[in-house]
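Work through the exercises below with the structure in view. Try each task before you read its solution.

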Amino acid sequence: MITNKISVNNKGVGRDEVFIEIERFSDYLGLSEKNNLHIRLLTEETLGMVAQIGGDFDAEFWAESEDGKVQLCLSAKLCTMNSQKREKLLKASTSGKNAAAESFTGKIKNAVEIIWLGY
């Protein structure tokens with residue numbers, strides 16, 4: 001099953017629709033209340049992470065399920081980040097590295113950021 005694709009951005013457009021669609025998705029799959037909550041929290045984290053990494057963005061969000069596995073999908077176009085800006089930010093840090101990329105979530109954010117910039 002694939003949900004409807006919903007346009008979202010960093011200004012909150014589409015956020016409410018995403019959560020309504022995720023609720024429908026969870027109901028359709030017959031997920032427990034606990035798993036429903038996990039999906040909702042992961043959705044919130046995904047949208048928040050994109051805004052934190054990329055600043056201004058326009059994106060499409062959807063969820064997919066196959067063989068008991070659930071995927072949250074986001075296809076985003078960043079409006080403000082580029083590789084030169086990223087390099088300048090890293091050079092400005094004390095270590096020259098992304099210190100936020102030490103935690104598990106930080107490493108994920110760093111990997112997504114690098115992919116978006118085409119490295």
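Here are three exercises on charged side chains and rings.

This is a predicted model: local features need pLDDT of at least 70, side-chain atom pairs count only at pLDDT 80 or more, and totals for chains, interfaces and linings use all residues. Residues are numbered from 1 along each chain as its sequence is written, and side-chain values use heavy atoms, with hydrogens and water left out.

**Exercise 1.** Find the salt bridge of Arg24 and say where its two partners lie.

Solution.
- Start with the rule: a side-chain nitrogen of Lys or Arg lies within 4 Å of a carboxyl oxygen of Asp or Glu.
- The search of the whole structure gives two salt bridges.
- In one of them, Arg24 pairs with Glu21, with the closest N and O atoms 3.3 Å apart.
- Both residues belong to helix H1 (residues 15-29), a DSSP run of H or I with at least four residues, numbered from the N terminus.
- They are three residues apart, about one turn of the helix.

**Exercise 2.** Is Arg24 buried or exposed? Do the same for Glu21.

Solution.
- Buried means under 20% relative accessible area, exposed over 50%, and partly exposed in between (1.4 Å probe, protein chains only).
- Arg24 has 53%, so Arg24 is exposed.
- Glu21 has 9%, so Glu21 is buried.

**Exercise 3.** Describe the contacts of Arg40 with Glu44 and Phe19.

Solution.
- Arg40 and Glu44 form a salt bridge at 3.4 Å, N to O.
- They sit four residues apart in helix H2 (residues 33-54), so about one helical turn separates them.
- A charge sits over a ring if NZ of Lys or CZ of Arg is within 6 Å of the ring centre and within 35 degrees of the ring normal.
- The charged end of Arg40 lies over the Phe19 ring, 4.3 Å from its centre.

How values were computed. Helices (H or I, at least four residues) and strands (E, at least two) are DSSP runs, numbered from the N terminus.
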